[in-house]
Amino acid sequence: MSALPWIDPDHLWFPPAEEALNEPDGLLALGGDLAPERIVLAYRSGIFPWYSDDQPILWWSPDPRCVLFPADIHISRSLRRTLNRGAFTVTSDQAFRRVMRLCGSTRPEGTWITDEMETAYNELHRQGVAHSLEAWNASGDLVGGLYGLAIGRCFFAESMFSLETNASRVLMVHLAHQLQLSGYQIVDCQVASDHLIRMGATTISRRQFLSILEHNVDQQPDALKWAMDWRWNKQEVSA
């Protein structure tokens, strides 16, 4: 840990992502702050913060990187039945603060979403950089959510939660199709999980990931306004 670069809060800077450690995988630097401009620079550079309350801010760029190309979203038969039933109403940016709070409080293994991170990402939401998707059940209860950052033609997914079966999967389907319609090229999922792989995510090398960012973070999406206009239509969407 002592050999890692220490980020001075007074300087907006990161070491190259390629200098991240192999063990622990992707640990790049520590220190700095969670100012909006630093967080945006981090994501643009293939870096993200991940730490707990008893640690300094830790910055990561793992290799390989888990990503979802929007066109590759996979819809299982059980998920298709849920979508066909219209079990959830999907909205965007209607409950960002609640989504982030529930992402942190519903994980049995605990959370890295500290109060400091909540404050920082809520400010990014206020600035129009961070966005949420929400799933509501028939009773009007918030039962699923995800949030992340939209920069150029890239969406950097941060976390999601689900209080009812398939709620988060429904959100991923809506997210992928909406991003595809808007010209987004990639969803950064950071670290692979069985859940993400089943949904169509894959792993690519850090070098490939950084190349995709280089070609897309400065490109405007086709739809500049963040909205959830896409709706599931079982007659039009194939498995």
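This report walks through one helix, three salt bridges and a charged surface patch in a predicted model.

## Helix α1 and its buried face

Let's start with helix α1, which covers residues 36-44. Its buried residues are Pro-36, Arg-38, Ile-39, Ala-42 and Tyr-43. Look down the axis of α1 and these buried residues fall within an arc of 165 degrees, so they line one face of the helix.

After α1 comes Gly-46. The phi of Gly-46 is positive, near 80 degrees.

## A buried arginine with a partner

Arg-38 turns up again when we get to the salt bridges, of which the structure holds seven. Its side chain meets that of Asp-33, with N to O at 2.7 Å.

How buried or exposed are Arg-38 and Asp-33? Arg-38 has a relative accessibility of just 2%, so it counts as buried, because the cut-off for that label is under 20%. Asp-33 comes out at 22%, which makes it partly exposed.

## Bridging α3 and α4

Another of the salt bridges pairs Arg-101 with Glu-118, again at 2.7 Å from N to O. This one ties together distant parts of the chain: Arg-101 sits in helix α3 (residues 96-105) and Glu-118 in helix α4, 17 residues apart.

Here the acid is the buried partner, as Glu-118 has a relative accessible area of 7%. Arg-101, on the other hand, is partly exposed at 46%.

## A link across 69 residues

Then there's the pair Asp-222 and Arg-153, whose closest N and O atoms are 3.0 Å apart in a salt bridge. Distant parts of the chain are linked here too: Asp-222 belongs to the segment after α7 (206-216), while Arg-153 is in the loop between β8 (142-151) and β9 (154-162). The two residues are 69 apart in the chain.

In this pair, Asp-222 is exposed, with 57% relative accessibility. Arg-153 is buried, and its relative accessible area is 17%.

## A negative patch on the surface

Which residues make up the negative surface patch? They are Asp-53, Asp-54, Asp-115 and Glu-116.

Glu-116 takes us back to helix α4, which spans residues 115-126. With a relative accessible area of 42%, Glu-116 is partly exposed. That value fits its place in the patch, because patch residues need over 30% relative accessible area and no salt bridge. So α4 holds both Glu-116 of the patch and Glu-118, the buried partner of Arg-101.

How values were computed: Residues numbered from 1 in each chain as written. Predicted model: local features only at pLDDT ≥ 70, side-chain atom pairs only at ≥ 80, totals over all residues. Heavy atoms only, no water. Patch = residues over 30% accessible without salt bridge, like charges linked within 9 Å, V, L, I, M, F, W, Y side chains within 5 Å. Areas by Shrake-Rupley, 256 points an atom, 1.4 Å probe, with all protein chains shown as cover. Salt bridge = Lys/Arg side-chain N within 4 Å of Asp/Glu carboxyl O. Lys, Arg positive; Asp, Glu negative; His and termini not counted. Charge placed at Lys NZ, Arg CZ, Asp CG, Glu CD. Helix = DSSP H or I, 4+ residues; strand = E, 2+ residues; numbered from the N terminus. Buried < 20%, exposed > 50% of the residue type's maximum accessible area, 1.4 Å probe, protein only. Arc of directions from axis to C-beta.
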